[in-house]
Every structure is written in structure tokens, then in C-alpha cells.
Amino acid sequence: MDLYEYQAKELFGRHGIPIPAGRVAATPQEARAIAAELGAPVVIKAQVKTGGRGKAGGIRTAPGPAAAEDEAGHVIGMDIKGHTAHRVLVETATVPFEEYYAAFLVDRAEGGFLAMVSAQGGMEIEELAATDPDAIVRVQIDPETGVDAETARQLAAKAGLPEAAAQVLERLWRVMVAEDAVLVEVNPLICTTDQRIVALDGKVTLDGNAAYRHSWEYAEPADSLEDRARAKGLNYVKLDGRVGVIGNGAGLVMSTLDVVAGAGAAPANFLDIGGGASAQVMADGLEIILADPDVRSVLVNVFGGITACDAVANGIVTALELLGERGLGRPIVVRLDGNNAEAGRRILSEARHPAVRQVPTMDGAAETAARLAAGA
Amino acid sequence: MAIFLTKDSRVLVQGMTGAEGTRHTARMLAAGTDVVAGVTPGKGGRTVDFGERTVPVFGSVAEAAAETGAEVSVVFVPPRFTFGAVEEAVAARVPLCVVITEGVPVHDTVRFRALAARAGTRIIGPNCPGLISPGQSSAGIIPADITSAGRIGLVSKSGTLTYQLMYELRDLGFSTAVGIGGDPVVGTTHIDCLAAFQEDPGTDAIVMIGEIGGDAEERAAAYIAGHVTKPVVAYVAGFTAPEGKTMGHAGAIVSGSSGTAQAKKEALEAVGVRVGRTPSETARLLRSALGRLSP
């Protein structure tokens, strides 16, 4: 779960990491009021969960409240790489004397935690890694001992950061642990002309699996099929194509999307209904997919592992009964294989639902669904 | 032969008295697994009757291991109790701990992985279907009736794709199939399994299943180039996955330009591993690598 910059900075503030004074605004008028409160030149920053805001014109300076309102008017609603800036962060303009980079992250390759620190901040870290990899200090963090004052001091020294930065590093690690983050990144971490260390930007990714032990309130406004699916506990990702896909197991569903693409059609979504999918889950899944106006055909791809295919078939039949009229109109191609596949296929054949057609193999089912989506 | 798990492995189940634990313990027993103990804190002294066998329940892994000589633990406890359960298994020096639980916070996984590394415990998972050596033993939830014993080894991040490939190759059978799990941090990697299959005299060829996210497949490719002489075929899922979206598994995410299926496929092909475009093509590639035609 990625946070917006303003949310990341709220966390930083709570953990004693210096950040510029400021607040988030959803309208130009709010931006004006915040600028007036701050009483100094301000920076208006688009709140989007993507990089390259500056280049896209999403970061602007304003000498006073009137200019802040004007600039916020330009930035709010702006599209940056497909992300709409619904809010801006209005902050006291802070001039860097030096710019650094600091991050803690989960290191997938080593199965541990990694610190990445550099005295050359400001640019994208991927760019720095490509042009001057030696400028980035990488240190594995022992998950038992973590980053104490001494580790932080060594980290700062090794990367060529001033000693004052060590305390900020230690506190960033605290954010990592206390908030169950998988990434805490500050770029740039700056030193001001008066020798203060300030987090000028912030990127934090939290671990959704740890939500049960936090009281996070980072819900997005519900406006999409993805939100509706999430509310029903479904694992759904909207894509651009026309073949709706339902399957059991994340790997099998990803594979199904690829096979649909290989058959010449684009998948409309990812939807994993999991192992012991009940009729209700199948109905919820079909309902979400059929609510997508882009969908021209549906592919249900189930491999019965633990779940028996006759149970899945009964689930599909019940789901279609629950959906009634909504289950008609678009063809539903079903592939059942594995445990009790023959019994499952028989149940579907006997149900004779007008929208359902069965294909015994995954490849064949994907081809059929692709062809039907193309209107053939 | 097999890797990590044989008919002689004595298995204990943490969380055996819970619904999932009971259900899957029954399945494991039916698959031939020597389930010798269950562990549920506070429920020591009870027994659970599975028909053909009555399994004693202990209050701690230490007790269960001491009494029964269990050398494999399968963990079915909910996410919030998983760290404690694994910590206990590691402290009791159980050599293999299979964590089925989905939804374990990654900080917990990193911490118990470090503990296990120090103690010499192998962790498989979390968020995995476990492993099966067909005809011998099953530690986890992989269905035992898909196929029987054979000479193919399989390692996969995905449960259902494991089942799919086992099904496609059911006439040939498997030495061991290991589901390593779809989380960003897991205890046992593709490389660990490749190394074990290379050493296993009962394995002739290896199927490796990967998916988007991280660089485990690229690392496995480098390892294969230097260490694996047995034929390996691979499948990678997620070519159509958009950037920045988690596809079901917590670890299945393309970040920027890293973790793409295409990069993984290219890395594997560069070291001579044939990569199927679909599960069924992958099965055909394995057959041709073994010189065995379709049934």
C-alpha cells in the first residue's frame, strides 16, 4: 500500500523527522489559506503516487497566498502519467544546500532489510544506480538489532552524509519497523544552508498484511470496480481488454491472462477467487466482471486441486441463478479440469444455461473466449 | 528418492486442532504422511482421532518434538500467531518448517527467516501450498491424487500452477513438488530447490515455475548456468500484468521496469532453459527434454 507524500510526511512528523511546515489542500482556496498561514514563499506539490512530478509541472513555487491559489488551480486535476492530482501539498519553500538520498526497504533477494544511502540525492535513484552505482551505499540491516544510533552514525559516515543526518536515519528506521513498512524513502533528504537536515520528500509503502495490527486510515475514495471488488473481499485488478477472467489461484489467473493474450485478445481483468470458492464468491466475481461494460466474453478457468470441480460447477450454476438476467447477454466460457472434472462438466451440461459453453482445456477455452470477444 | 520430505519424515502440525489444520491433517495422513503430533498451545494432552490414526496434541513444539522425534513442522495458524509458531519450531530445532499461512506481515517473515538461518532450520513458505513427494509424504495442502511417484522435480511460486503442471505430467509422476510461496520474502528459494534436485538421484528433470516480481528467477538462471546439469524447463506467469499492481500474491508486482515476466524469460533462455508460453507447452517441453512423448 503506497502512501501519498503528505501521508508519508505525517508519519515522519510523528516519528520526529524534520519536515517542512505545511498541509494538504484539495482546492485552490484551501491552498491560499495554508499559504497565508505559513506566511512565506511556498511550494505547491501535486499528490500523486508516481515519480517525475517535477518534470510534468506538478511542483510549483509561489511567493504568496494569491500566487499559491493560482498555482494550485493549475496543479489540482492535473494528469501525471495517468494519475490525477486530486490534492496538493502546500509547504514552506525550503532551499537545499546539499541533497542526499536515504531509504530502508525489504530486500527480496536476500530476504532481509536493506539500507540505501547516498550523498548524491535529488535525481531518481534508478538513474543514479545506472550512472554512478558506487555513489550508493548499500548495507544489510540485521532484523534483530535493527538500526541503533551507532549503526546510523556508521551509515551516514560511510555514505558521506553529515553526522547530523544519523539521527534522521535512525528515526526513518523506526518508521520502517513501527509502521510495518516495506519501503521508507527520502529523496531528497537535504541539508539547509543553516545546517538543518530536512526530509523534503517522502515515499512510504506499507505492508497490507500487517493492517490488522495498525489503525491505518488510508482508504481511497471508492469510485471503481476495484473498490467494489475489494469491498466484497475479491482479489480483482482492472485491465484494458475485453475478455473477463475468473480463476482460482493467483498464479493460474496470471497465466490465464497470458494465454488469453496469446490467443490474440486482451484480458479485461485479473480476478482470483481463491481455493475453496463458494457459490457466493463465484456469484460476486461474475457480478463484478459483468458490471464491466468493456467485457465482451468471460473465461472461467478453474483447476480443481483441493476444491472438487463438481462443487465449482454447482457454484457456477447457483451463481447464474443468483444473477438471473444479468448473467445473460455475454458468453461465459468455462474450463474445469482436475479433481472431479467430469462430474463438474456434467453438472454444467445438464444445467443448459444459455450463456455457458464448456471447453475442456485452458488453451482451447482461452481461444474460444478470445474469438467470442472479437464478435466471431 | 525425493528432496526435503520422504516416507520416513515424522511430521507435526502446528494448529492441528483448528478447522484448516484438522482438514489438512486428515488429507496428509491419507497421502501417507507420518503425522506424529499436533501442537496447540493450551491443548496439550488431548488427542485427535483421524480414523486410521489417533494423533496426540502437545502444548508446545519442544514437547512434541522431544516425545515424537518430529523433524518436520507444518504451520496452519492464523497470520497474527505465525511468527510465534515458527519461532517455537526454530527454538525446538525442528529441521524443516513449512508455513502454509497466507497474509503473514513481511517484517515477521524477515525476522523468523533470520532466526531460522541461525538455527539451521529450513523454512518453506509462507503463503505456500507446501511440498509433496508423491507416494511417500505430503507436508501441506498439495492434492495427493493428481499424480503419483516419478522422476520429475518441480519448484513453483504458485499453488494452482503447481497442480496444473502436475496434472499435465501426471503420467510421468514426480519425485517432489515444492511450492515455495508467493510472498516477497520466502524461506526457501528456487535456487535451494534446484540445488537439491540436482543432487537427488531420484530426479531426472526439473520444472521451474516463476511469476512477476523480484529477481528470484534471474538469480535461478545464473545458478542453473553454473550448477545444474539436469534438464530444466520453466514457465513464467504474468506477461500481461500492468506495472505497479499486485496480482493476487503479495510478491507478484512489477515495479518500474524490474520484475517483469519478459526479463525473467530472457534470463532463463539465455542460459539454455526452455520457457513455455503456456503451462501445456511447458509440459511438452519437459517431455521433449526427457525424450518422452505425450501419453
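Hi everyone, let me start right at a place where two chains meet: helix α8 of chain A, residues 250-262, lies across β12 (205-211) and β13 (232-237) of chain B. The helix runs at about 85 degrees to β13(B). Please keep in mind that this is a predicted model.

Let's follow those two strands into their sheet. β12 and β13 belong to an open sheet of seven strands in chain B, with mixed pairing and the order β9-β8-β11-β10-β12-β13-β14. Its edges are β9, residues 137-140, and β14, residues 274-276, each of which pairs on one side only. From one strand to the next, the twist averages 20 degrees. At the β9 end, β8 of chain B, residues 130-133, is joined to β9(B) by four bridges, and the two run antiparallel. If you want one pair to click on, take B:Ile132, whose bridge partner in β9(B) is B:Ser138.

Now over to chain A as a whole. It has 12 helices and 18 strands, and its C-alpha trace spans about 80 × 50 × 40 Å along the principal axes. Of its 376 residues, 48% are buried. If we take contacts in chain A between residues at least 6 apart in sequence, 70% of them join residues at least 24 apart. The chain is divided into domain 1 (21-92), domain 2 (96-213) and domain 3 (225-373). Between the C-alpha centres of domain 1 and domain 2 of chain A there are 26 Å.

What about the core? As a general point, nonpolar side chains in soluble globular proteins tend to be buried together. Here the largest nonpolar core has 219 residues, and those touching the most other members are A:Val88, A:Leu169, A:Leu172, A:Val260, B:Cys97 and B:Val98. Helix α6 of chain A, residues 165-178, gives the most to this core, with eight residues. Let me zoom in on A:Leu169: setting aside residues up to four places away in sequence, it touches A:Ala102, A:Val147, A:Ala152, A:Leu155 and A:Ala156.

On to the annotated positions, which I find a nice place to look around. In chain A, an unreviewed UniProt entry has "binding site" covering A:Asn248, A:Gly305, A:Ile306 and A:Thr307. They span 60 residues in sequence, yet no two of their C-alpha atoms are more than 10.9 Å apart, so these positions gather at one spot.

Where do we find A:Gly305 in chain A? It sits in the loop between β16 (297-304) and α10 (309-323), and A:Thr307 is placed in the loop between β16 and α10 too. Are they buried or exposed? A:Gly305 has 25 other C-beta atoms within 10 Å, so it counts as buried. A:Thr307 is buried as well, with 24 C-beta neighbours inside 10 Å.

Chain B has an annotated position to show you too: UniProt lists B:Tyr163 for "binding site", again in an unreviewed entry. B:Tyr163 is in helix α5 of chain B, residues 159-168, and it is buried, because 29 C-beta neighbours lie inside 10 Å.

Which residues does B:Tyr163 contact, leaving aside its neighbours within four places in sequence? They are A:Phe303, A:Gly305, A:Gly338, B:Pro143 and B:Ile146. Seen from the other side, and with that same kind of neighbour left out, A:Gly305 is in contact with A:Gly338, A:Asn339, B:Pro143, B:Gly159, B:Thr160 and B:Tyr163. So, to close, an annotated residue of chain B, B:Tyr163, is in contact with A:Gly305, which is annotated in chain A. Thanks for listening!

Definitions and conventions
Residues numbered from 1 in each chain as written. Chains lettered and ligands numbered in written order. UniProt positions renumbered as here; feature names shortened; annotations may be inferred. Buried ≥ 20, exposed ≤ 12 C-beta atoms within 10 Å, placed from the backbone. Contact = placed C-beta atoms within 7 Å. Pairing = 2+ DSSP bridges. Axes fitted to C-alpha atoms, helices over the stretch in contact; angles between N-to-C directions. Core = buried A, V, L, I, M, F, W, Y, C linked by C-beta atoms within 7 Å. Domains from an automatic or database assignment.
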